[in-house]
Structures are given as C-alpha cells and as structure tokens.
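Me: I should like to learn how the features of a protein model are read, one at a time. Could we begin with pockets, and with what it means for a residue to line one?

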Amino acid sequence: MAHASSSASSKTYKPRDDELIQDFLYKKIHEESVPNYLTVLEYDLYGEKNPWEIWEAFEGFSYEGKDLYIFTTLKKKSLNGSRFVRIIGCGSWEGEDTGKKVIAEGTNQCIGLKKRFRFEKSGTEHDGAWIMHEYSIDPSFQNNNSYVSTILHVGMYRYLIY
C-alpha cells in the first residue's frame with residue numbers, strides 16, 4: 001500500500017519549503033536516495049479514499065495532529081490536456097491559490113511551486129476541514145521527459161479544528 005522512510009526526529013522536525021523540493025522531491029524524481037530524517041510515504045492521494053481515511057490508515061506512524069508527507073503522482077484529465085484529476089473519495093481537492101514560487105535559500109533561484117488545496121464535499125463535517133499543500137518542482141530541474149507529464153509532489157494533510 002505505501003512505502004515509508006522514517007526516523008525518530010520526523011515527529012518534530014518541520015522542513016522548509018525549499019528543503020522539501022531540493023532534498024526530497026528533486027531526489028525522488030531523479031531516483032536518488034532521499035534523506036531519512038523525515039518520514040515520507042508513497043501513496044495515491046487521488047483515489048477512492050477520503051482524506052480522513054488516508055489519515056487513519058497511517059495512524060501506525062503516530063501522526064497525532066502532525067503533517068503527513070506523501071509522494072504521489074498527478075493524473076491528467078486528458079492525454080494532451082494540462083489539467084489534473086483532483087477527485088478524492090467522495091469529494092475533491094479545490095485550489096485556494098495559484099501557487100507561490102519556492103526560492104532556494106540564499107539564492108534568487110525559483111526551484112518549484114507550492115499550492116494550497118482544501119477538501120470540498122458539501123453537506124459533510126469534513127467540507128473545508130482538510131488542507132493539502134502541494135509541492136511541484138520547476139520544469140528546468142527535470143532532466144527526464146517522462147516526468148514532464150507525470151509530476152510527483154509532496155502533500156501534507158492537516159485537520160483544521162473549528
């Protein structure tokens with residue numbers, strides 16, 4: 001179902017946006033070893049399970065209120081299109097912004113994009129209560145054409161308490 005690399009410190013360490021892209025996403029896309037100081041799972045976020053079911057599935061990793069880091073693959077809506085499937089379980093992920101550039105620390109170089117999504121399903125207690133941040137790598141760092149159409153990203157879930 002999923003793959004994880006873990007470390008005891010993964011429960012307290014919160015990486016910067018540029019670290020998520022440089023140290024994890026870049027290395028994953030280029031088939032290099034990712035650091036083990038943070039638990040990063042591999043899972044299909046755009047499937048039949050709802051956000052809370054995904055969260056519950058990984059309780060064994062003790063995520064009690066902490067962020068969940070996941071590598072997943074985006075699926076295009078159509079073969080030649082530029083839009084992606086954002087359906088999850090009984091609802092969908094709706095974008096809250098167009099994305100913010102992620103700049104490598106100490107440089108002026110854009111290395112990727114961070115977007116914020118919220119779970120939407122009207123009439124449920126979970127409507128708007130789940131947040132996901134999606135990190136994508138700048139195309140200039142992709143040296144393999146197969147990754148241009150299939151973008152990997154790190155997602156984080158957080159349950160918002162009203």
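Reply: A pocket is an open set of grid points with protein on both sides within 12 Å along at least five of seven lines, and its lining residues have an atom within 4 Å of a point. The model considered here is predicted. Its largest pocket has a volume of about 260 Å³.

Me: How many residues line the largest pocket, and which lie nearest its centre?

Reply: The lining consists of 13 residues; Phe84, Arg86, Lys115, Phe117 and Glu134 are those nearest the centre.

Me: Which strands each supply at least two residues of that lining?

Reply: Strands β7 (110-120) and β8 (130-137) each do so. The largest share, 3 residues, comes from β7.

Me: What is the make-up of the lining by class?

Reply: The lining of the largest pocket contains 6 charged, 5 nonpolar and 2 polar residues.

Me: How is the chain as a whole arranged, in terms of helices and strands?

Reply: The chain contains 9 strands and 3 helices. In sequence order, these elements run β-α-β-α-β-β-β-β-β-β-α-β. Contacts add a second view: among those between residues at least 6 apart in sequence, 65% join residues at least 24 apart.

Me: What share of the residues is buried, and what area does the chain expose?

Reply: Residues under 20% relative accessible area are called buried. By that criterion, 41% of the 162 residues are buried. The chain exposes about 8900 Å², of which carbon and sulfur atoms supply 47%.

Me: Where does Leu68 lie, and is Leu68 buried or exposed?

Reply: Leu68 belongs to strand β3 (residues 68-73). Because its relative accessibility is 0%, Leu68 counts as buried. The C-alpha atom of Leu68 is 7.7 Å from that of Val40, although 28 residues separate the two along the chain.

Me: Which residues of helix α1 are buried?

Reply: In α1 (residues 17-29), the buried residues are Asp18, Glu19, Leu20, Ile21, Phe24, Leu25 and Ile29.

Me: What is the phi angle of Glu31, the residue that follows α1?

Reply: Phi of Glu31 is positive, near 55°, in a residue other than glycine. Glu31 is located in the loop between α1 and β2 (40-42).

Me: Why is Glu31 classed as exposed?

Reply: Exposed denotes a relative accessible area over 50%. Glu31 has a relative accessible area of 67%, and is therefore exposed.

Me: Where is Gly99 found, and with which residues is Gly99 in contact beyond its neighbours within four places in sequence?

Reply: Gly99 occupies the loop between β5 (91-95) and β6 (100-103). Beyond those neighbours, Gly99 contacts Leu113, Lys114 and Lys115. Gly99 and Leu113 are 14 residues apart in sequence, with a C-alpha to C-alpha separation of 5.9 Å. Gly99 counts as partly exposed because its relative accessibility is 23%.

Me: How many disulfides are found in the structure?

Reply: A disulfide is a covalent bond between the sulfur atoms of two cysteines. A search of the whole structure yields 0 disulfides.

Me: How accessible are Cys90 and Cys110?

Reply: Cys90 has a relative accessibility of 37% and so counts as partly exposed. Cys110, with a relative accessible area of 23%, is partly exposed.

Notes: Residues are numbered from 1 along each chain as its sequence is written. This is a predicted model: local features need pLDDT of at least 70, side-chain atom pairs count only at pLDDT 80 or more; totals for chains, interfaces and linings use all residues. Side-chain values use heavy atoms; hydrogens and water are left out. Buried means under 20% relative accessible area, exposed over 50%, partly exposed in between (1.4 Å probe, protein chains only). Contact means heavy atoms within 4.5 Å. Accessible areas come from the Shrake-Rupley method with a 1.4 Å probe; for residues, only the protein chains shown count as cover. On a 1 Å grid over the protein atoms alone, a cavity is a set of points where a 1.4 Å probe fits but cannot get out, and a pocket is an open set with protein on both sides within 12 Å along at least five of seven lines; lining residues have an atom within 4 Å of a point. Grid points are joined across faces, edges and corners, and a volume is the space filled by probe spheres set on the points. Ala, Val, Leu, Ile, Met, Phe, Trp, Tyr, Cys and Pro count as nonpolar, Asp, Glu, Lys and Arg as charged, and the others, Gly among them, as polar. A disulfide is a pair of cysteine sulfur atoms within 2.5 Å.
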